[in-house]
Amino acid sequence: MALINTRSPSTPLQFPLLRSHHRRIRAPLLLPLARVFPQSLLSHHLFSPLPRRRRLASRMGNGVSVATADPTAGKMVFQPILEEGVFRFDCSGNDRDAAFPSLSFADPKARDTPIPVHKAPEYVPTFECVYGQQKVEIKLPSGTSFYGTGEVSGQLERTGKRVFTWNTDAWGFGPGTTSLYQSHPWVLALLPDGKALGVLADTTRRCEIDLREDSTIRLTAAAPYPIITFGPFGSPTEVLVSLSHAIGTIFMPPKWSLGYHQCRWSYDSADKVLKVARTFREKGIPCDVIWMDIDYMDGFRCFTFDHERFPSPKSMVNDLHKIGCQAIWMLDPGIKYEEGYFVFDSGSKNDVWIQKADGKPFVGDVWPGPCVFPDFTQQKTRSWWADLVKDFMSNGVDGIWNDMNEPAVFRTITKTMPESNIHRGDDELGGCQNHSHYHNVYGMLMARSTYEGMKMGCRTKRPFVLTRAGFIGSQRYAATWTGDNLSNWEHLHMSISMVLQLGLSGQPLSGPDIGGFAGNATAKLFGRWMGVGALFPFSRGHTEQGTVDHEPWSFGEECEEVCRLALLRRYRLLPHIYTLFYMSHMNGTPVAAPTFFADPQDSRLRTVENSFLLGPLLICSSTGPDQSAHELSHILPKGIWLPFDFGDSHPDLPTLFLQGGSILPIGPPIQHVGEAKAEDDLSLFVALDKDGKAAGVLFEDDGDGYEYTKGDFLLTYYAAELDSSVVTVKVSKTEGLRKRPKRVLHVHLLLGGGAMINSQGTDGDEIHIIVPSESEVSNLVAESENQYRARLEAAKPIPDVDEVSGVKGIELSKIPIDLKSGDWVLKIVPWIGGRIISMMHIPTGTQWLHSRVERDGYEEYSGTEYRSSGCSEEYKVVGRDLEQSGEEESLCLEGDVGGGLIIRRQISIPKDDRKILQIDSSIVAQNVGAGSGGFSRLVCLRVHPTFTLLHPSEVLVTFTSIDGLMHEISPEPGEQLFEGDLRPNGEWMLVDKCTGVCLINRFELSQVSKCLLHWGTGTVNLELWSEERPVSKDTPLRICHEYEVKQI
């Protein structure tokens, strides 16, 4: 049995209330919160570690700290590190010595090495250590805006939000989900004057990032850990460059990986893969990569192939290569526990598995069934995995997809392995620790091992790895995507902010599943998503099993044409996009950036969410179904922004603007990256600034391999200048040893309104363009605007169809009804029992319900069985009272459940208590025949909410039953039914200790005969059942209940 490294004085103890799965304690009938939770737990709701030794610290005048004793609160002590403007803060010198090694820094020693800088930091954090938790606070000037925090859903500007860094398999996440697949304990603060400050909590543990108070950053995690600040610097770009000096830059991607990727779960045979790839070519839709999900494997065993469906993977890949397509294959961390399976046998021989506390390998269920998991915290494990990857590449593997590496584990409440599991980590990573220490870096370490294995497998090609889970610094090894999103307009809109937040957190190569992973996209949704998704740094379409086809040609000819135009745009822009990645790789600059990067001082731009920058290129999109991009009033940065296109204007495509002072390199329209040749014509789009000048840059190399590191590249700086009505375009500077290709250079000088004048010559020579007179320019602009309107009118917009067929042919309404008032925001879909698919509590930022249209959420049934009558019928909205002049917000729905019965539900937020959400439901006999005596069949009203557990390992349900016993129930798979005197005495609470809040469900006891508690995977059902009996017009069944959220 391994011994855990005890270098940290803050090893956490288990929360006392979780030691028993279900405790019953004699208690009064009604208990206030203070009686349910001891005061010590109320004051700090996270796990309570051992008390910290008391220390005191003093700081010398030069900013270098000397530990003398132990404070529990105060200002943090600092050291300058890395470069000027970067500071490390600790609670004391002793805490500095006790901190774990950095796994975010590319060179961990840089975090621990002070530099001779005598400048003091402008902002000094304060700290408080309570029950082993280090709470840090940084107060910034009023009007500061917050960004970053890594992979997060919801709004772009993060003020008012709180997230927790705990990598989670978050299928179907919503805007209020607080933990997704990756952890970036990082905040980018944009100060009122446009300067920026970066804040990194350098801990691998679960970390609370609380931005709910204006201009205040609060960070909480297990002590001790250092805070690293970057700046303030003159712009957010400078902060990101400085951050990259700490955590490293993006790996240089092979150029083909910047083309379009097509994926689904799953293309289940080699024949299907080749058919999809060939269809792209036949239809003239660009594509570079086809992906293989888990069904290519033999029984989901990693590093194997199903020899019936994929009899010769290498032959299939050769056929793909012939038509310019690459192949990417999935590898998960879960290795089937099966003797005779070569991966399991070799891993067992090398002793590479994560262990339980008793020293035996941990076994958990994933796709293959019982699985063991490699311990990537050990060098020997990483080398073992890298060797497997190296051999795997001989099958024709161009790239590898690491999925399920949070790590996800099935049939567990927490969706992952126990935090008590043991990692026998290398000393330089932190030594032997439990899983709670290494959980957030597991995916990054797996991606690192995969990346290193690919390099070993082919030294002449750059690896391409995509990882679902990650940590700040993962960009050194892998790209990422934003996880299992939903096919709806909300997720289309969120996808822009999510890509931007990852870029602002050091990961520039990301994108969403275009069209949405879960559920069926409509034609308009898919086409609009492709329009903007084709311009994301990583562009991939993907969908899950059981959905309709989600290829670009799957939604009709109008959508197919939009997808073709969108992807041709991407491929024309590839010279520019590839250059942006080279600059990001070399300097740490962003690839995609929020619009406010164009003018950080302009407060109007700080919340803009439907546009973004690719360098000087501004993309303005429509992320809603009602208006096209050209119909929206986009907020543009100050200065010159000139619209342009490639003659491809379309109502369902974004509009493009080029910033004055910029030159944009553009290539020819191609079907795949391999089709491009160095001698192809090159185009430059030129937008002059107010001084008549412009500049741009183009990077060129082989598109793969490492010869560019030896000087085999060409970096060309182009310049344009207006002098006496003549614009001269020339090469102002070059870098690299590669010779300039002999090619035609086309120059397009933008005039405004989409108008341009063109010239051409030889690349490398000066090209002169005579600028027309003002009146001639006005005529050209007017003519161009007329042509633009004509193209839009002639284009075939994607049909405005908002309904798609469900699995059983039911027409599903995709548009939810919003109910918003007081503390609550709800989304209700009038289908399948009038499901509530989102229940957001605004003051705490907690989303208690989040589901897709056809599954989970809040439902009601007319019988004791799930999916009973009433759950496939569409509910009719029979009334709605909107909030006006202080009136309450309410919604009334009715659904016909057959036999003359309806389920009626009134959802309301009372005007006299906006903290309460009320639901009044009943089964009513509307038309029961006389032959039945006026009574219906036997029915039961079953209230069935599926609440999302934001932190599954830190929740419990508590209540006092009628008999006076207090119940504290922690997660355990299965159901518990409470009847008679064991029923909650009118209320029960779902408590989340991590967020420090509870959801209270109160109900009329006389209406509820049973209460059922069911723990699922990351969910819990708190059900209320009426009695089971026939109903008549005079004797309906009714359950009236309410929800309220309180701090604990």
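How many of the twelve residues of α5 are buried? Keep that in mind while you set up the view; the tour reaches α5 after a look at the whole chain and one sheet.

**Whole chain**

Load everything first. This is a predicted model. Colour by secondary structure: the protein has 15 helices and 64 strands. Of its 1048 residues, 63% are buried. Contacts reach far along the chain. Among those between residues at least 6 apart in sequence, 70% join residues at least 24 apart.

**Stop 1: the six-stranded sheet**

Select β5, β6, β16, β13, β12 and β9, which is their order across an open, antiparallel sheet. Look at the two ends. β5 (77-80) and β9 (145-148) each have a single partner strand, so one side of each has no neighbour in the sheet. From one strand to the next, the twist averages 25°.

Zoom in on the β5 end. β5 runs antiparallel to β6 (residues 86-90), and four bridges join the two. Pick V77: its bridge partner in β6 is D90.

**Stop 2: helix α5**

Now add residues 236-247. This is α5, lying across β6, β12 (186-190), β13 (196-201) and β16 (227-233). Against β16, the helix runs at about 145°.

Here is the reply to the opening: nine of the twelve residues are buried, so α5 is mostly covered. Show them as sticks: P236, V239, L240, V241, S242, L243, S244, A246 and I247. What do these buried residues pack against? The sheet supplies β6, β12, β13 and β16; α12 (489-503) and α14 (557-587) are also partners.

Check the helix length. At 1.5 Å a residue, twelve residues should span 16 Å, and the end C-alpha atoms of α5 are indeed 16 Å apart. Step just past the helix to G248, where phi is positive, at about 90°.

**Stop 3: a cavity lined by α5**

Stay with L240 and turn on a cavity display. The structure holds nine cavities of 30 Å³ or more. Go to the second largest, with about 110 Å³ of space. It is lined by 16 residues, and those closest to its centre are L240, G503, G506, P508 and G588. Which element gives the most to this lining? It is α5, with four residues.

**Stop 4: the nine-stranded sheet**

Hide the first sheet. Select β29, β28, β26, β23, β19, β18, β17, β31 and β30, in that order across a second open sheet. Here the pairing is parallel. The edge strands are β29 (510-511) and β30 (513-514), each paired on one side only.

Move to β17 (residues 260-262) and β31 (residues 539-541). They run parallel and are joined by three bridges. Label H261 and, opposite, R540 in β31.

Then add residues 270-283. This is α6, which lies across β17 and β18 (289-292). Its direction is at about 160° to β18.

**Stop 5: helix α9**

Select residues 379-392. α9 has 14 residues and reaches 20 Å from its first C-alpha to its last, close to the 20 Å expected at 1.5 Å a residue. Its buried residues are T381, R382, W384, W385, A386, L388, V389 and F392. Show what covers them, including β19 (326-331), β20 (335-336), α8 (342-349), β23 (399-402) and α11 (442-457).

**Stop 6: H634**

Is H634 buried or exposed? Find it in the loop between β34 (617-620) and β35 (641-644). H634 counts as buried, because its relative accessibility of 19% falls under the 20% cut-off. Beyond its neighbours within four places in sequence, H634 is in contact with N610, C620, S621, A629 and T655.

**Stop 7: S921**

End in β55 (residues 917-925), which holds S921. This residue is buried, with a relative accessible area of 0%. Expand the selection to what S921 touches, not counting residues up to four places away in sequence: Y858, E860, R904, R905, L941, L1037, R1038 and I1039. Finally, draw a distance from S921 to L893. Their C-alpha atoms are separated by 9.5 Å, with the residues 28 apart along the chain.

Definitions and conventions: Residues numbered from 1 in each chain as written. Predicted model: local features only at pLDDT ≥ 70, side-chain atom pairs only at ≥ 80, totals over all residues. Heavy atoms only, no water. Pairing = 2+ DSSP bridges. Axes fitted to C-alpha atoms, helices over the stretch in contact; angles between N-to-C directions. Contact = heavy atoms within 4.5 Å. Expected span 1.5 Å × (residues − 1). Buried < 20%, exposed > 50% of the residue type's maximum accessible area, 1.4 Å probe, protein only. 1 Å grid on protein atoms, 1.4 Å probe; cavity = no way out; pocket = protein on both sides within 12 Å on 5 of 7 lines; lining within 4 Å. Points joined across faces, edges and corners; volume = space filled by probe spheres on them.
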